[in-house]
Amino acid sequence: MDISLIIAQFMSGISHGMMLFLIAAGLSLIFGVMNILNFAHASLWLVGAYLSYTFWYILQDYSIAMWLSIVLTTLSMGVIGMIIEIVLIRRIYNRDLSEQLLLTYGLILVIGDGIKIIWGVDNKLIPRPEIVATPIDFFGIPFDSYFIFVILTGLSVTFFLWWFLKKTRYGHIIRAAVYSREMVSALGIPIPRIYTGVFAMGIAIAGLAGAIQAPIGSITLGMDMSVVVQAFCVVVIGGFGSLLGTFVGALIVGEVYAFSILLWPQGALIFIFLVTAFILIVRPWGLFGTPMRK
Amino acid sequence: MKKFKFMPFLFLFIFLVEGMTGLNCGKKDDTYNMGVILSITGAGSIYSKDGVDALELAVAEINAKGGFLGKHQIKLIIRDDQTKPDVAVTVAKDLILRDKVKVIQGTYSSACAEAIKPIARENKVLHIAAISNSENITKVNFSPYTFQVVPNSYMQAQAVVLGVGALAKKNNWKEYVTIASNYEWGRSTQNNTVALLKKSAPNLVLKKEFWPKLGETQFTTYITAIMAQKPDFVIGSIASQDNASWMKQAGDFGFFKKIPYPGSLISVTELILQAKTIDRGTVGLCRAPFFAHMDNPIMAAFVNSFKTKYGRYPSDWAVMEYDAVYALKQAVEKANSIDTEKVREAMTGATIETTRGKLTFRTIDNQLSCSSYIGIVADDPKYPFPIYKDIVEVKGPDSWRPEQEIVDARKTEKK
């Protein structure tokens, strides 16, 4: 096996990892700041994919339809996230994890049936514009040019979140709220509004991931269930609430998956679960996380 | 009068018993309840949608003429198994016990078909598999109530071997890899193909097998991993939504331009969905392409009705579900009854008229003698999507497993 093929497989793992990062980033952010484990996160990712199809369908006569649909989906999902936080999530902040599970699991069922009602059961397909429709030559191996865009988007989101949380005033407030909600509240900063913003941002990123996923294959019901497990593995490995952890966790899962497919295809998923189980045993809060708050 | 005080209770008792046992004062229900279990959602939804449409069309046509035997209207009860065997079992029981169906048409997934087979047998309900085609559905753990109107995985594998063997010889191919969905049908088809290729072309070397899970949406890592093997060709056993995703993503990678992909399942659904992008010249396999039988008046009429009603051409899945209803109709007519035992007996070994010609159910396994089709993807001005040219129709009796092997397999099963 020559080196170019190993590089191609490595790139394939990076692109898979970046897609997982985009899905898991919002999940981790919401848990880290709000202590809410949103089991419906992947379902909202799927809503993002369907929504992008609708935007693309409306705008398909324009050459930038696909790009515009990604932007509009991200913004719309932010608004949807805001509504969900205000109407539902806000009421369970002080409840047990089991109640969070029940509520967010209920959301999965509602969203699943809602998608069937709104978009039907047919597959949806978004054709790509020419610039990302043809493979590029990567060390002599063809590589899907769209995945270059996926990787760049993943890196941009990572940089944006890092900049936002570390360098802006709002980011400082959010990080302070992670450690002491009471203190932040005592300073006159409205915690509920901060939480609404964080939840909206998390869901907007899920929407962005869904919109980016849409032109890769066809959009189908049940897609969310096939990624949700790997997304949870990412945050468990990286550490719930840690941006860096989610990024590293996503790359680990992506590369483990890619190379286990290359070397032992039957056991591709087993390796991911073995890594996840190992981390859970030796460091339950993940590689870059901190022990969970009570 | 005191002794009649119990009368209200007696009436109440009779009323309750009647309610519970479903007595309806001698009124006979002539409706024929036909249950359908397909994957309305989940990995098999693309194929299943066409199947449901064809079933509805066939039932509407028969009901317009009075129903079975001109007097039994068919009531179609459609359930979604979500491509999950446990759900299929639940809905099968519900259809049998609550809706009192006499037949279950379906399913998409072979795992679902195998899951509901024993339930249909226990309850003496007919079960016609028109999409799911693992040969194990009828080969082992045989049920006299289960019939298959689709070429099974062994028959399809034989057809692939025929086509691929010729191509391998012509192009001097030496090594290949396989990619198959990791569930009953994918494993069964892949294993049969590899075993038969080993027999017919012993020089071909299987380099690696890839098993993406059922419902896989991201094939990127598989595509690069297959390319890394540098095989002379690839054989795929992926279906429905997974196949749509695989074909699109592999196409976007330029995979099919680099590596021949002969004899893999490219049904009419894929030809329509991938009309713009599918590589012309690809050698594909399908189960019931309507364009191969347009000279048959039954097929021509079906295509016309389907197109008029739904505004599109029928896929393989639509053709086979349509045939399943008419197979049942002909068995009912032969039995001159809708009694399940009589219909089952009439259907066993029956020769029936279908959209694909005159076909016979083989007695040993209730497998219909339907053909598999191999062809080269090419444009045709008559259709808005590519079809197959130079079609090789591999007839059922030329491709199905020899009866003795089935007998042997069942003996092993008993041990």
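This is a guided tour of a predicted model with two chains, A and B, moving from one selection to the next.

**Chain A as a whole**

Begin by selecting chain A and colouring it by secondary structure, which should bring out 11 helices and two strands. If you follow the chain from the N terminus, the elements come in the order α-α-α-α-β-β-α-α-α-α-α-α-α. The C-alpha trace of chain A spans about 60 × 50 × 35 Å along its principal axes. The radius of gyration of chain A is 19 Å, close to the 19 Å that the globule rule gives for 294 residues, so chain A is as compact as a globular protein of that length.

**A pair of helices in chain A**

Next, select residues 3–34 of chain A, which are helix α1, together with residues 243–263 of chain A, which are helix α10. Two packed helices are described by the angle between their axes and the distance between the axes. Here the axes of α1(A) and α10(A) come within 7 Å and cross at roughly 140 degrees, and the crossing of these two helices is right-handed. What kinds of residues make up the contact of α1(A) with α10(A)? They divide into 15 nonpolar, eight polar and one charged.

**Where the chains touch**

Now show both chains and look at the contact between them, to which chain A gives 33 residues and chain B gives 31 residues. On the side of chain A that touches chain B, the elements that give two or more residues are α1, β2 (141–143), α5 (146–167), α9 (223–238) and α10 of chain A. Helix α1(A), which you have just selected, gives the largest share of that side, with seven residues. The residues on this side of chain A divide into 18 nonpolar, 12 polar and three charged.

**Chain B and its β-α-β unit**

Hide chain A and turn to chain B, in which there are 16 helices and 15 strands. The C-alpha trace of chain B spans about 100 × 50 × 40 Å along its principal axes. Its radius of gyration is 23 Å, which agrees with the value near 22 Å that a compact globule of 415 residues would have.

Within chain B, select strand β1 (residues 32–38) and strand β2 (residues 74–80), which run parallel and are joined by seven bridges. To find one matching position, look for B:G35, which stands opposite B:I77 in β2(B). Adding helix α2 (residues 45–64) of chain B to the selection completes a right-handed β-α-β unit with β1(B) and β2(B).

**A three-stranded sheet**

Move along chain B to an open sheet of three strands, whose order is β7-β6-β8 and whose pairing is parallel. Its edge strands are β7 (205–210) and β8 (233–237) of chain B, each of which pairs on one side only, and the twist averages 20 degrees from one strand to the next. Strand β6 (residues 175–180) of chain B is joined to β7(B) by five bridges, and B:V177 has B:K208 in β7(B) as its bridge partner. Helix α8 (residues 220–229) of chain B packs on this sheet and touches β6, β7 and β8 of chain B, with a direction that makes about 165 degrees with that of β7(B).

**Two backbone details**

Most residues other than glycine have a negative phi, and most peptide bonds are trans. Select B:K230, in the loop between α8 and β8 of chain B, where phi is positive, at about 50 degrees, although this residue is not a glycine. Then go to B:T107, in the loop between β3 (103–106) and α4 (110–122) of chain B, and note that the peptide bond from B:G106 to B:T107 is cis, with omega near -5 degrees.

**Further sheets and hairpins**

Next, find the open sheet of four strands in chain B, ordered β9-β10-β14-β15 with mixed pairing. In this sheet, β10 (residues 283–286) and β14 (residues 372–378) of chain B run antiparallel and are joined by four bridges, with B:V283 opposite B:I376 in β14(B).

For a last stop, select β11 (residues 351–354) and β12 (residues 357–362) of chain B, which pair in the antiparallel sense over four bridges and are joined as a hairpin through two residues. Strand β12(B) also forms a hairpin with β13(B), with four residues between them, and in that turn B:N366 has a positive phi of about 60 degrees.

Terms used. Residues are numbered from 1 along each chain as its sequence is written. Chains are lettered from A and ligands numbered from 1 in the order in which they are written. This is a predicted model: local features need pLDDT of at least 70, side-chain atom pairs count only at pLDDT 80 or more; totals for chains, interfaces and linings use all residues. Two strands pair if DSSP finds at least two bridges between them. A crossover is right-handed if, with the strands pointing away from the viewer, the path from the first strand over the helix to the second runs clockwise. Axes are lines fitted to C-alpha atoms, for helices over the stretch in contact, and angles run from 0 to 180 degrees between N-to-C directions. A crossing is left-handed if the near helix is turned anticlockwise from the far one by less than a right angle, and right-handed if clockwise. Ala, Val, Leu, Ile, Met, Phe, Trp, Tyr, Cys and Pro count as nonpolar, Asp, Glu, Lys and Arg as charged, and the others, Gly among them, as polar. Two residues are in contact if their C-beta atoms, placed from the backbone, lie within 7 Å. The radius of gyration is taken over C-alpha atoms; the globule rule is 2.2 Å times the number of residues to the power 0.38.
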